[in-house]
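The exercises below ask you to work through one protein model step by step. Keep the sequence and the structure in view while you do so.

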Amino acid sequence: MAHISLEELYRGEGAGAKHGVMGEVMKDFFTNGYPSEHDERTWLDMLLVKHALIAAEKMKNEGDTVSDVTDDVLPSSYVR
């Protein structure tokens, strides 16, 4: 069981190396390209969501968790 920061998760560094979201997005994009009905940016955004969900499922199965969103921002500032 690992506690992974969001930055580590997306960059694929440190404890997040086994779940690296951005690396998987780039690999998917360069391997498969993007469909003609979407522009590149839209497709990259959809791949980001896809691979974040895949990473979340892997983390759930392995008992890994994401640590605090940030250390310098109080959670109440996200709710308005």
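**Exercise 1.** Work out how the span of helix H2 compares with the expected one, and on which side its buried residues lie.

*Solution.* Begin with the length: H2 has 12 residues and reaches 16 Å from its first C-alpha to its last, close to the 16 Å expected at 1.5 Å a residue, where the expected span is 1.5 Å times one less than the number of residues. Helices here are DSSP runs (H or I, at least four residues), as strands are (E, at least two), and both are numbered from the N terminus. The model is a predicted one, in which local features need pLDDT of at least 70 and side-chain atom pairs count only at pLDDT 80 or more, while totals for chains, interfaces and linings use all residues. Residues are numbered from 1 along each chain as its sequence is written, and side-chain values use heavy atoms, with hydrogens and water left out.

Next, list the buried residues of H2, which are Val21, Val25, Asp28 and Phe29; buried means under 20% relative accessible area, exposed over 50%, and partly exposed in between (1.4 Å probe, protein chains only). Because these residues cover an arc of only 95° around the axis, they lie on the same side of H2, the arc being that of the directions from the helix axis to the C-beta atoms. The face turned away from this buried side carries the exposed residues Phe30 and Thr31.

Finally, look for the partners: the buried residues of H2 pack against helix H1 (6-11) and H3.

**Exercise 2.** Explain why Asp28 counts as buried, and find which residues it touches.

*Solution.* Asp28 has its place in helix H2, and it counts as buried because its relative accessibility is 12%. Leaving out residues up to four places away in sequence, Asp28 touches Gly33, Leu47, Lys50 and His51, where contact means heavy atoms within 4.5 Å. One of these partners, Gly33, comes just after H2 and takes a positive phi of about 70°.

**Exercise 3.** Identify the residues of the largest nonpolar core and the elements that give two or more residues to it.

*Solution.* A nonpolar core is a set of buried Ala, Val, Leu, Ile, Met, Phe, Trp, Tyr and Cys residues joined through side-chain atoms within 4.5 Å. The largest one has eight residues, namely Ile4, Leu9, Val21, Val25, Phe29, Leu47, Ala55 and Met59. Helix H2 (21-32) and helix H3 (40-62) are the elements that give two or more residues to this core. Beyond its neighbours within four places in sequence, Ala55 is in contact with Leu9, His19 and Val21.
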